[in-house]
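Got the viewer open? Here is a short tour, stop by stop, with what to select at each one.

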Number of protein chains: 2
Amino acid sequence: MQILTTDGGFDIVLDGRLILRHRIDAPCLFVGHGDARMDMYRGNFDIEDYVVERTPLAHAVVVGSEIGFSAASGQKTRLSLQVSGDDQNGAIAFRSEDGALNRIWIRIATEQGEHVWGGGEQMSYFDMRGRRFPLWTSEPGVGRDKTMEITFKADVSGKSGGDYWNTNYPQPTYLSSRRYALHVETTAYSAFDFRRGDFHEIEVWAIPERIEFTARPSFVSLVEAMSERFGRQPPLPEWVYNGAIIGLKDGARSFERLEAIVAAGAKVSGLWCEDWIGLRHTTFGARLFWDWKANDDRYPNLRGRIAELEERDIRFLGYVNPYLAVDGSLFPEAEAAGYFAKDENGKTALVDFGEFDCGVVDFTNSDAAAWFAERVIGKNMLDFGLSGWMADFGEYLPIDVKLSNGIDAKLMHNAWPTLWAEVNARAVASRGKTGEALFFMRAGFTGVQKHCPLLWGGDQSVDFTRHDGLVTVISGALSSGLLGNAYHHSDIGGYTSLFGNVRTAELIMRWAEMGAFTPVMRTHEGNRPRDNLQIDEDPQVLAHFARMTRVYVHLSPYLKSLVAEASTRGLPVQRPLFLHFEQDPRTYAIQDAYLYGSDLLVAPVWQAGKSEWSLYLPEGAEWVHVWSDRTFRGGQDVTVPAPFGEPPVFHRTVSEFAELFAGLRTL
Amino acid sequence: MQILTTDGGFDIVLDGRLILRHRIDAPCLFVGHGDARMDMYRGNFDIEDYVVERTPLAHAVVVGSEIGFSAASGQKTRLSLQVSGDDQNGAIAFRSEDGALNRIWIRIATEQGEHVWGGGEQMSYFDMRGRRFPLWTSEPGVGRDKTMEITFKADVSGKSGGDYWNTNYPQPTYLSSRRYALHVETTAYSAFDFRRGDFHEIEVWAIPERIEFTARPSFVSLVEAMSERFGRQPPLPEWVYNGAIIGLKDGARSFERLEAIVAAGAKVSGLWCEDWIGLRHTTFGARLFWDWKANDDRYPNLRGRIAELEERDIRFLGYVNPYLAVDGSLFPEAEAAGYFAKDENGKTALVDFGEFDCGVVDFTNSDAAAWFAERVIGKNMLDFGLSGWMADFGEYLPIDVKLSNGIDAKLMHNAWPTLWAEVNARAVASRGKTGEALFFMRAGFTGVQKHCPLLWGGDQSVDFTRHDGLVTVISGALSSGLLGNAYHHSDIGGYTSLFGNVRTAELIMRWAEMGAFTPVMRTHEGNRPRDNLQIDEDPQVLAHFARMTRVYVHLSPYLKSLVAEASTRGLPVQRPLFLHFEQDPRTYAIQDAYLYGSDLLVAPVWQAGKSEWSLYLPEGAEWVHVWSDRTFRGGQDVTVPAPFGEPPVFHRTVSEFAELFAGLRTL
């Protein structure tokens with residue numbers, strides 16, 4: 001990382017790449033302060049900034065590796081930057097010389113035709129160039145498209161329509177096609193604005209600790225560096241390879257239904273019952289009872305049944321989130337110990353989740369975090385026999401609570417998913433079950449990689465829509481994968497069914513086809529099971545699902561090799577095409593197909609009514625369509641038949657797994 | 001206007017009112033520059049600013065009446081303010097010392113409980129405190145409420161849903177309950193932000209010429225001063241008092257239908273046929289043919305029929321707007337003379353109005369303006385026999401055309417309505433018909449008062465909705481009236497019928513009831529006449545309408561006295577309650593009732609399904625309900641019966657027109 005001073009400014013260069021260009025008449029840095037209005041409604045945020053000041057810091061004085069910025073010559077220094085690092089790993093540290101500052105904007109030099117990816121888990125746009133991305137963990141929204149009726153209705157009824165940039169897992173990190181990565185070390189609200197031609201503008205609602213820059217000669221080595229930076233997941237548990245995890249929340253009936261699914265020929269690795277803690281009945285329908293222990297009424301003799309399943313190599317998974325219902329058994333215990341976040345009056349802050357209130361366990365209090373890990377997850381879940389769970393939420397830290405560490409909740413809001421992941425990982429580690437117990441999260445932020453063994457793509461709508469349907473899962477997997485999240489999966493069949501939008505058999509089948517080519521195959525009944533088709537309710541759907549579980553299991557030797565690769569190198573299982581075809585720029589913006597490892601290319605059918613599918617095969621390899629054994633040269637668009645059960649998947653002609661892949665035709 | 005210097009700053013005081021408060025740590029002025037994206041789609045604008053710089057000018061040096069502002073001591077002066085005027089009329093003139101500046105923000109001191117009104121013609125919120133108002137002439141939108149289905153559909157299909165602040169007639173002027181007015185002399189995009197507790201923030205996308213301040217001891221004298229400042233309308237023509245203007249656009253059949261309306265007992269002063277120029281057939285339905293001359297096919301022998309009507313004291317009115325269709329007869333004449341605004345290549349700029357293109361007559365070219373006034377309005381309209389017309393549009397100046405005066409179209413966009421009004425007024429004056437020919441406009445901006453004899457409230461939806469229905473007309477009349485627009489009226493029955501939203505008989509009747517208590521009573525068939533009920537299609541509606549025209553005519557002696565008052569003092573005919581009851585703060589935010597002159601209080605029924613109506617009667621007078629003769633003391637909420645034909649109207653007990661008002665009961 002070099003500072004090259006010039007007439008009236010300087011350039012900062014990273015291994016030949018111009019990163020910052022500062023001139024007195026074209027400054028790279030602006031500072032000021034703002035007074036934002038932030039309203040939260042059940043995890044959806046309405047945020048509007050009032051920028052009181054935004055002053056260009058035109059005058060820069062470079063002394064060694066330190067740059068002092070002021071508005072003009074003779075004015076006081078307002079912000080100092082300390083540049084450090086070598087050609088591969090650079091950093092710019094920030095030191096505010098003015099306590100009133102709470103906004104910075106920094107312009108990063110761009111190139112024409114540059115692509116940028118990352119930003120956490122981005123569901124709508126994998127290539128972020130041309131748009132602005134606020135980075136603030138929240139509900140992702142329903143429909144996520146302001147031109148859609150469903151989004152309009154969600155906005156009006158619950159402020160929950162969302163937009164393209166809303167995500168459970170934002171992260172102020174991007175990778176550029178210039179083969180460098182930028183990461184802002186901050187938990188404050190930030191925004192990446194990629195709409196300008198000459199610069200990317202990074203906005204942070206605080207003085208960030210530093211901005212880190214990583215340059216590598218190839219995309220693969222850049223992604224490896226990201227995984228090193230943000231932490232590496234443990235391998236997937238061995239039991240996962242046995243088949244799909246079946247999501248049912250039907251009380252004791254779930255066990256019967258599981259048997260029918262197994263009897264239909266499905267390969268099953270687990271039964272996931274999020275209602276293991278029992279139900280609460282509200283006017284909105286049945287909700288889970290947020291008191292994290294087995295409910296004997298809904299699941300009599302659960303401990304025994306778990307043991308029976310395990311003997312058949314089928315694991316049992318549950319559900320937990322970081323809140324405790326006021327009318328549960330854990331609440332008084334946590335409150336007596338002072339483990340909850342407080343309100344303005346020093347009382348336990350209560351959050352309304354829809355006809356029931358909860359306390360928010362304050363994970364900035366290390367005793368509270370340890371208690372949750374040991375008492376709740378350790379004792380009530382792991383010791384009870386659970387092999388995994390959905391570790392839900394993480395996006396909802398209210399911005400007005402008082403926390404034990406004394407830091408403004410607005411600055412801790414984004415940090416919460418990572419703290420929540422850490423609590424879960426600590427509980428797993430305490431039982432020696434790292435790499436054996438599997439929890440999965442939708443929320444994330446910087447550092448979640450280190451603690452969370454598996455992401456799930458959140459609550460897609462039960463449809464084929466562009467911004468909230470099946471296809472968004474791919475963008476989520478690819479963007480998060482570049483930042484060191486090796487494992488991603490999604491709710492087969494989608495989750496959110498609102499305003500009369502319900503699942504079709506076709507949707508479930510197309511989703512299952514994709515799920516077979518992800519690290520973990522898992523179904524979900526959705527938010528309204530009774531109104532929506534389930535995999536075991538239609539013989540065609542069930543038979544198709546069973547077939548896809550066999551595909552998944554058949555591929556397990558290959559998947560295990562990818563897991564090994566993730567463990568050693570940090571490469572994600574699902575990869576953008578350009579990761580292995582960086583010489584082919586036509587791959588740079590593809591977000592509806594992916595490489596599954598280096599040898600398989602998967603292009604899920606994500607639209608309704610299709611019997612064939614078109615996709616681009618990257619240049620530099622020869623490809624075999626796995627179902628037809630037909631060979632295609634790379635560097636062209638191809639169209640292949642795509643009947644149910646035969647999703648468009650190709651393998652490289654040259655692959656040590658070629659025989660395994662060929663075996664798919666015999667299933 | 002006094003500058004009082006203090007430690008570290010100054011105050012500017014107007015007759016005892018603190019207007020500006022500047023301290024080095026709380027500056028009143030911010031400058032910078034922005035790079036706005038502005039997209040226009042058929043009069044609807046999508047505008048987003050990118051504020052590159054917003055620097056507080058903390059350092060102020062006062063020398064006499066001049067204040068030089070810089071960011072800090074020792075820095076160059078960026079903006080100079082020249083303060084002038086006396087205790088009643090002050091001004092702050094701006095002089096930029098920095099050519100790069102194109103944004104200023106200035107903070108005006110506030111008081112707790114302060115109310116603000118004005119902003120041109122505001123349809124949603126009369127009292128603007130607590131909200132932000134961009135001031136940019138545009139289509140007002142359909143529904144104008146983002147929670148409504150109709151607005152959602154309009155947004156998706158035509159970017160035309162609008163919001164509370166969208167208006168055909170913005171004006172950067174407000175009146176404060178502190179009994180002063182502020183006016184920004186600029187045509188640039190500006191915004192008034194009344195959301196802050198301690199200050200109003202005025203934002204202008206240019207360096208404005210000046211900000212004017214007017215202080216008066218009473219609201220009445222303040223409104224008089226506004227009329228003096230912005231210009232005074234000619235009196236209404238005598239013929240208007242004969243009854244309603246009937247809007248029909250049914251070709252020659254319009255004359256037959258008029259006879260039926262007259263035969264039903266309606267008092268009629270005019271027949272308004274906007275289709276007098278003929279029709280064009282598009283896939284959207286019939287549109288007017290934008291070539292401003294009588295169409296003999298649609299209206300055979302129109303000149304003769306106009307003369308026949310006039311003999312019966314019924315005038316004929318037409319329609320015009322500032323565009324010329326490329327396939328009309330006037331276009332080649334204007335193009336040959338170079339009268340059109342140009343595109344980037346110096347060619348005539350063509351604007352798509354929906355399957356037909358038009359040229360925009362460039363009113364900054366004085367020859368073009370004179371030609372339009374003489375050749376089009378003078379010869380084709382006035383000399384032809386028209387006594388009035390809708391002077392439509394004015395909001396659509398494209399922001400990318402090249403104008404004769406060389407000024408950026410972004411800076412002329414807001415000026416256009418006033419230029420358009422001036423062309424119309426000049427044509428009328430050229431025939432000596434000022435105060436005799438009556439044109440009416442929806443678009444406006446600063447100075448439109450001087451030229452336009454009558455506003456109409458624009459294109460309300462055909463419904464009772466809060467933000468686009470009947471009630472919005474009242475807010476429009478009151479806000480514009482405070483700024484010197486004495487005469488306001490609206491389309492009886494509303495105009496916009498989209499997405500299946502159609503008129504009810506009740507709506508037409510309630511609207512006619514209000515129309516009888518406005519300066520001009522005029523009907524409109526709406527945008528989809530065939531789909532919507534018309535006044536002559538339902539006997540109950542027609543009889544009710546006829547009754548309301550008799551009410552209007554009965555009140556004409558009183559209306560004439562109000563017109564005289566408008567001519568001499570500039571007071572609007574429709575007035576907010578507080579104008580004459582300023583000692584009663586409960587009147588300050590009322591926007592669904594008005595004083596009609598000083599002696600009548602009108603509270604139109606603006607909701608469906610009502611048989612009685614509640615309203616507040618101001619303290620300081622005794623009120624007689626005109627239909628029941630029942631007397632009420634002021635200072636209380638009252639409820640009165642409100643059957644069709646008896647809108648809630650009260651007169652002061654003490655009034656020189658008391659007998660006339662009492663006569664309403666005998667109609």
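Which residues in H11(A) meet which residues in H12(A)? Before you click, keep in mind that you are looking at a predicted model.

**Stop 1: two helices in chain A**

Select residues 505–515 of chain A for helix H11, then add residues 539–554 of chain A for helix H12. On the H11(A) side, show side chains for A:Ala505, A:Ile508, A:Met509, A:Ala512, A:Glu513 and A:Gly515. Their counterparts in H12(A) are A:Gln540, A:Val541, A:His544, A:Phe545, A:Met548 and A:Tyr552. Colour this contact by residue class and you get eight nonpolar residues, three polar and one charged.

Now look at the geometry: the axes of H11(A) and H12(A) come within 9 Å and cross at roughly 5°. Angles under 35 degrees count as roughly parallel, so that is what H11(A) is to H12(A).

**Stop 2: another helix pair in chain A**

Next, select residues 366–382 of chain A, which is helix H6, together with residues 416–430, helix H8. Here the axes come within 9 Å and the crossing angle is roughly 55°. H6(A) and H8(A) are therefore oblique to each other. Turn the view to look through one helix at the other, and you'll find that H6(A) passes H8(A) in a right-handed crossing.

For the contact itself, bring up A:Ser366, A:Ala369, A:Ala370, A:Phe372, A:Ala373, A:Glu374, A:Ile377, A:Gly378 and A:Leu382 in H6(A). They meet A:Trp420, A:Val423, A:Asn424, A:Arg426, A:Ala427, A:Val428 and A:Ser430 in H8(A). By class, the residues of this contact split into ten nonpolar, four polar and two charged.

**Stop 3: a sheet in chain B**

Hop over to chain B, where three strands make an open sheet in the order E25-E27-E26, with antiparallel pairing. Select 323–325 for E25(B) and 350–352 for E26(B): these are the edge strands, each pairing on one side only. On average, neighbouring strands in this sheet are turned by 40° against each other, direction ignored.

Add residues 357–360 for E27(B), which pairs with E25(B) in the antiparallel sense over three bridges. To check one residue pair by eye, pick B:Leu324 and its bridge partner in E27(B), B:Gly359.

**Last stop: both chains**

Zoom out and superpose chain A on chain B. The fit has an RMSD of 0.0 Å, reached by a turn of 180° and a shift of 0.0 Å along the axis. The two copies are thus related as by a two-fold rotation axis. Finally, select the interface: 100% of the interface residues of chain A are interface residues in chain B too, so the copies meet through the same surface.

Key
Residues are numbered from 1 along each chain as its sequence is written. Chains are lettered from A and ligands numbered from 1 in the order in which they are written. This is a predicted model: local features need pLDDT of at least 70, side-chain atom pairs count only at pLDDT 80 or more; totals for chains, interfaces and linings use all residues. Side-chain values use heavy atoms; hydrogens and water are left out. Copies are superposed by least squares on the C-alpha atoms of residues with pLDDT of at least 70 in both. Contact means heavy atoms within 4.5 Å. Axes are lines fitted to C-alpha atoms, for helices over the stretch in contact, and angles run from 0 to 180 degrees between N-to-C directions. Helices (H or I, at least four residues) and strands (E, at least two) are DSSP runs, numbered from the N terminus. Angles under 35 degrees count as roughly parallel, over 145 as roughly antiparallel, 65 to 115 as roughly perpendicular and the rest as oblique. A crossing is left-handed if the near helix is turned anticlockwise from the far one by less than a right angle, and right-handed if clockwise. Ala, Val, Leu, Ile, Met, Phe, Trp, Tyr, Cys and Pro count as nonpolar, Asp, Glu, Lys and Arg as charged, and the others, Gly among them, as polar. Two strands pair if DSSP finds at least two bridges between them.
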